[in-house]
Amino acid sequence: VLTGNVLGGGNDNNDNVSAQIVASGFESYTHTIMARGLLWTHVRLCSGTSSREVLFTTTHLESFLQGGHMGQPYDGVPQRKAQVRQAA
């Protein structure tokens with residue numbers, strides 16, 4: 001649990017906000033040779049008597065491989081398209 005002005009609102013009323021990680025994980029993409037996936041965390045933000053839940057995500061999509069993969073050219077374009085669809 002994080003406490004303090006974690007939202008960085010810059011207000012002068014010194015409202016304390018807490019952030020609690022509810023769940024988190026890593027979902028591997030189906031079409032990857034580079035172990036790519038979606039990293040996510042579900043966070044509950046609380047301030048006084050109010051709270052809200054937020055889902056934070058980030059990803060690293062497939063890359064171009066200079067020299068190819070298994071003797072074949074590999075630009076990663078079809079894999080990135082599939083990964084974006086899977087992340088959605």
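# Exercises on a predicted protein chain

Buried residues make up 22% of the 88 residues in the protein chain, where buried means under 20% relative accessible area, exposed over 50%, and partly exposed in between (1.4 Å probe, protein chains only). This is a predicted model, in which local features need pLDDT of at least 70 and side-chain atom pairs count only at pLDDT 80 or more, while totals for chains, interfaces and linings use all residues. Residues are numbered from 1 along each chain as its sequence is written, and side-chain values use heavy atoms, with hydrogens and water left out.

## Exercise 1: The overall pattern

Determine how many helices and strands the protein chain has, and state the pattern that they follow along the sequence.

Solution. Begin with the definition: helices (H or I, at least four residues) and strands (E, at least two) are DSSP runs, numbered from the N terminus. By this rule, the protein chain contains one helix and five strands. Next, read along the sequence; the pattern is β-β-β-β-β-α. Finally, consider the contacts, where contact means heavy atoms within 4.5 Å. Of the contacts with a separation of 6 or more, 32% are between residues 24 or more positions apart.

## Exercise 2: The sheet

Describe the sheet formed by three strands: give the strand order, the edge strands and the pairing.

Solution. Two strands pair if DSSP finds at least two bridges between them. The open sheet has the order β1-β2-β3, with antiparallel pairing. Its edge strands are β1 (17-28) and β3 (50-59), each of which pairs on one side only. From one strand to the next, the twist averages 15°; for such angles, axes are lines fitted to C-alpha atoms, for helices over the stretch in contact, and angles run from 0 to 180 degrees between N-to-C directions.

Now take each pair in turn. Strand β1 is joined to β2 (residues 37-47) by 11 bridges. Within this pair, Ser28 stands opposite Gly37, and Gly25 stands opposite Trp40. Between β2 and β3 there are 10 bridges, and here Cys46 stands opposite Ser51. The strands β2 and β3 form a hairpin with two residues between them, and Gly48 in the turn has a positive phi of about 60°.

## Exercise 3: A residue of β3

Establish whether Thr57 is buried, partly exposed or exposed, and list its contacts beyond its neighbours within four places in sequence.

Solution. First, locate the residue: Thr57 lies in strand β3. Its relative accessibility is 48%, so Thr57 counts as partly exposed. Neighbours within four places in sequence are then set aside, which leaves Leu38, Leu39 and Trp40 in contact with Thr57. As a last step, compare positions in sequence and in space: Thr57 and Ala87 are 30 residues apart along the chain, and their C-alpha atoms are separated by 9.6 Å.

## Exercise 4: The two sides of the helix

Identify the buried residues of α1 and explain why they are placed on the same side of α1.

Solution. The buried residues in α1 are Gln79, Ala82 and Gln83. They cover an arc of only 100° around the axis, and therefore lie on the same side of α1; the arc is that of the directions from the helix axis to the C-beta atoms. The face turned away from this buried side carries the exposed residues Lys81 and Arg85. What covers the buried residues of α1 includes β5 (72-74).

Gln83 may now be examined individually. Gln83 is placed in helix α1 (residues 77-87), and its relative accessibility of 0% is why Gln83 counts as buried. Apart from neighbours within four places in sequence, Gln83 is in contact with Tyr29, His31, Thr32, Arg36, Leu61 and Glu62.

## Exercise 5: Positive phi in loops

For Ala35 and Met70, state the phi value, the loop and the exposure.

Solution. Recall the general rule: most residues other than glycine have a negative phi. Ala35, a residue other than glycine, has a positive phi near 55°. Ala35 is found in the loop between β1 and β2, and it counts as exposed because its relative accessibility is 65%. Met70 is likewise not a glycine and has a positive phi of about 55°. Met70 lies in the loop between β4 (65-69) and β5; with a relative accessible area of 73%, Met70 is exposed.
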